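What follows is a guided reading of one model, moving from its charged pairs to its aromatic rings and then to a single helix. Please keep the sequence and the structure in view while reading.

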Amino acid sequence: MNYLVTLARLIVGALFIISGLIKLNDPVGFSFKLEEYFSQGVLDLPFFMPYALAIAIFVVVLEVLLGVMLLVGFRKKFTLWSLLLMIAFFTFLTFYSAFYNKVTDCGCFGDAIKLTPWESFIKDVVLLVLILLLWVGNRHVQPFFTNRARHIVVVTALVLCVFYANHVLNHLPEIDFRPYRIGANIEQGMSVPEGAPRPIFEYAWKFNVGGEEKVIVTNGEYPSVEGEFVDVETTEIQKGYEPPIHDFTIERDGEDFASSLLREPKLVMVVAYDLRKTNTAAFDEIKLITDEALRKHYRVIGLSASDSEYSRQLAEHYKLNFEFYFTDETALKTIVRSNPGVLILNEGTIKDKVHFNDLDHLNLENDRMQELNLTLKKSLDSIMVLDQKYRSAYSAETWKFQVETDSSNIEYVAGVIAEHGYPGISLVGEQTSAAAWNVIQHSNKIPQYLEIIKNAAETGELQYHYYAEMLDRHLKDNNQPQVYGTQGMSYFMGTSDQTSFIWPIKNPDSVNILRKQAGFETTVEENGKILFGEDFEYRSLSFSDLEALLKKMN
C-alpha cells in the first residue's frame with residue numbers, strides 16, 4: 001500500500017504541476033476556454049464570463065500549488081480535499097463536454113497537448129481513482145523536509161506563479177505552442193500534406209420499397225435499389241488529417257485577400273480581435289511604429305473581427321495610415337494573446353510577434369531603400385479612391401462628376417511628377433506606386449507621360465505590366481496593332497446584340513510569351529474572358545478582319 005500511495009502521489013502531483021504550468025504559461029488562452037464553457041451553448045453561466053481571466057489565473061495557480069503541496073506533504077487534509085473537489089468538478093465538466101459534444105478541446109494542457117473530450121474524461125477518471133487511493137492510504141502520505149522548509153517551498157512556488165502570471169499577461173507566453181508561433185508559415189499550416197489520411201464517412205440510405213422502409217449502408221456510393229429515395233444520414237467513422245490552421249482568412253468586402261497578402265515579403269499585421277475591448281492607448285505608439293514600417297517599405301494591414309465602420313472610425317481618430325481587414329475572432333485570439341498585438345511576416349512566415357507593451361522591441365529591418373514619403377503616399381491613396389469613385393458605377397448622370405474628378409486628378413499628378421519624378425515604389429511604396437499610372441491611363445495625357453512610365457517600369461519603380469498596358473492603349477488610340485493584347489472593344493448593334501473583340505495584335509503567335517515576360521498572370525485568351533465574360537471566345541484579328549467586321553456592323 002505504501003508503494004501504491006507513493007506512486008499515486010508522484011503521478012498526481014507531477015500531473016497537476018505540469019498541467020498548471022502549461023496553462024500558467026498562457027492564462028489568457030485558458031480564460032478563452034473558460035468563456036467557452038460559461039457560454040449559453042454549454043453551461044449557460046454568462047455572468048462568469050467577465051471574470052474568466054481572474055478565474056483562470058486562480059485555478060492554474062491553485063493547480064500548481066496543490067501539486068507542490070502534495071509532493072512535499074504540506075497540510076495533507078486540506079490538500080487531499082482540494083484535490084478531490086477539483087478533480088470531481090473537472091471530471092463532471094469533461095463528461096458533460098464529451099457526452100453532449102459541447103467543447104471539442106477541454107484545454108487541460110493548453111495548446112501543448114490536444115485531447116479529445118473523451119480522452120480528457122478518461123484522464124480525469126484515472127486521476128480521480130488515484131486521488132481516492134491517496135485518501136484511502138492517507139496515512140502513508142508522509143511529509144518531506146521540516147515544517148519550515150515546507151512553508152518556504154510552498155510560499156516560493158506561490159510567489160513564482162504570481163510573478164510568472166503577471167509577466168505573461170503583460171507580455172506574451174514564453175513558450176508558444178500555437179500554430180502561429182514565431183518561425184511558423186501560415187500557408188504551410190493551412191495545407192494538407194500529400195498522403196495525409198482523409199476522413200471516412202458512412203452513409204445510411206433510406207428507401208421506401210413496397211411501402212416498407214429499407215436502409216442500406218455504404219461508404220459513399222449510391223446503392224442500386226428499386227424504390228423511392230427517402231433520406232440519407234452521414235456519419236464520420238474516421239477523422240482525417242486536419243491542418244493546424246483551418247480558419248484563417250483576410251477579408252474585405254466579401255473577398256479573401258489572404259493568399260496575396262501572405263506572399264508579401266515585408267508585411268506588418270496589427271491584430272486586435274475586438275476593437276471595443278482593445279487597449280486604445282496603445283494605438284498612439286502603433287501609429288508611430290506602423291508609420292516607420294511604411295517608410296521602410298513594409299505593407300501594413302490591420303486585422304479585426306469588429307465591424308468596418310468601427311475600424312474606420314478608430315483609424316481616423318488615431319490617423320492610422322493602414323486599413324483593417326476582417327478575420328475570425330477565434331483565429332485572432334489564437335494568433336496573438338494581446339489586444340492589440342503586432343506581427344511581422346515574410347512571405348507568410350512569422351518573423352516577430354509582440355505584445356502592445358513591447359512595441360519598442362519590434363524588429364523592423366531597413367532594406368536601405370529611400371524612406372517613403374508618407375504625406376505624398378496618403379494623398380495618392382486618396383487620389384486612387386477618387387479615380388474609381390464614379391467609374392465603377394457608371395451612369396450618364398454621374399459620369400460628369402468623374403470627368404471633373406479626372407481633370408483635377410491629372411492636374412495634381414502632373415505637379416507631383418514635375419516635383420518628384422514618377423512617384424514610384426521607392427517614394428510611396430509598391431501598393432501606391434500605381435496611383436499616378438491609373439490617373440494618366442484614364443486621361444488624354446498618355447503620349448505626354450508614356451516615356452516617363454516606361455522609365456519607371458525599367459528602373460523598378462513601377463511593375464512592368466503597367467507600362468505594357470499603357471503602351472497597348474496608346475497604340476490602339478493611334479490605330480496601330482498592340483503588343484500585349486490588353487485592349488479590347490465592344491460594339492452594340494441595335495439594342496441588345498453586342499460584338500466584342502481583342503484589338504489586333506502585332507505578333508499574336510508570341511503574345512502570351514510577351515505577356516508572361518511583362519508580368520501578366522493571364523494569357524490573352526483568359527484576359528478576353530475577364531474583359532467580356534466567360535462566354536467570350538478569343539480569335540486573332542488583323543486590321544483587314546477588323547475593317548470587315550466594322551463594315552458589317554455598320
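A residue is called buried when its relative accessible area is under 20%, exposed when that value is over 50%, and partly exposed in between. The model is a predicted one, and this scale is applied to the residues discussed below.

Consider the charged pairs to begin with. Side chains of opposite charge can pair when their charged atoms come close. The count of salt bridges in this model comes to 22, and one of them joins E292 to K296, whose closest N and O atoms are 2.9 Å apart. The two partners fall into separate classes of accessibility: E292, at 29%, lies between the two limits and is therefore partly exposed, whereas K296, at 12%, is under the lower limit and therefore counts as buried.

Helix α10, which covers residues 308-317, offers a further view of such pairing, with R312 as the residue to follow. R312 meets E309 in a salt bridge with an N to O distance of 2.3 Å, and R312 also forms a salt bridge with E316, where the closest N and O atoms are 2.5 Å apart. Why can these partners reach one another along the helix? An α-helix has 3.6 residues a turn, so residues three or four places apart point the same way. R312 and E309 are three residues apart in α10, and they are therefore separated by about one helical turn; E316 and R312, both in that helix, are four residues apart, again about one turn. As for their cover, R312 has a relative accessibility of 37% and counts as partly exposed, and E309, at 37%, is likewise partly exposed. Elsewhere, salt bridges link D26, D111, K114 and R337 in a network.

Charged groups also meet aromatic rings in this model. R276 lies over the face of Y310, at 4.2 Å from the ring centre, while the charged end of R515 sits over the ring of F520, 4.5 Å from its centre.

The aromatic rings also pair among themselves, and the structure holds 28 such pairs. Among them is the pair of F95 and F99, which is stacked, with 5.5 Å from centre to centre and 25° between the planes. These two residues are four places apart in helix α4, and so about one helical turn separates them. F95 is partly exposed at 35% relative accessibility, whereas F99 is exposed at 51%. A second stacked pair is formed by Y203 and W205, whose ring centres are 6.1 Å apart and whose planes stand at 25°; here Y203 is partly exposed, at 21%, and W205 is buried, at 10%.

Ring pairs extend the region around F95 and F99 into a cluster of F92, F95, Y96, F99, Y100, W118 and F121. On the surface, F95, F99, Y100 and W118 form a nonpolar patch with about 450 Å² of accessible area together. Helix α4, residues 76-100, supplies the largest share of that patch, namely three residues, while W118 is placed in helix α5, residues 117-136, and is partly exposed at 41%.

Finally, turn to helix α17. At 1.5 Å a residue, its 14 residues, 464-477, should span 20 Å, and the end C-alpha atoms are indeed 20 Å apart, which agrees. The helix is mostly covered, with ten of its 14 residues buried, including Y466, Y467, M470 and L471, as well as the charged residues D472 and K476. Just after α17, N479 takes a positive phi of about 60°.

Definitions and conventions:
Residues are numbered from 1 along each chain as its sequence is written. This is a predicted model: local features need pLDDT of at least 70, side-chain atom pairs count only at pLDDT 80 or more; totals for chains, interfaces and linings use all residues. Side-chain values use heavy atoms; hydrogens and water are left out. The expected span of a helix is 1.5 Å times one less than its number of residues. Buried means under 20% relative accessible area, exposed over 50%, partly exposed in between (1.4 Å probe, protein chains only). Patches are made of residues with over 30% relative accessible area and no salt bridge: like charges are joined within 9 Å, nonpolar side chains (Val, Leu, Ile, Met, Phe, Trp, Tyr) within 5 Å. Accessible areas come from the Shrake-Rupley method with a 1.4 Å probe; for residues, only the protein chains shown count as cover. A salt bridge is a side-chain nitrogen of Lys or Arg within 4 Å of a carboxyl oxygen of Asp or Glu. Rings of Phe, Tyr and Trp (its six-membered ring) pair if their centres lie within 6.5 Å; planes under 30 degrees apart count as stacked, over 60 as edge-to-face and the rest as tilted. A charge sits over a ring if NZ of Lys or CZ of Arg is within 6 Å of the ring centre and within 35 degrees of the ring normal.
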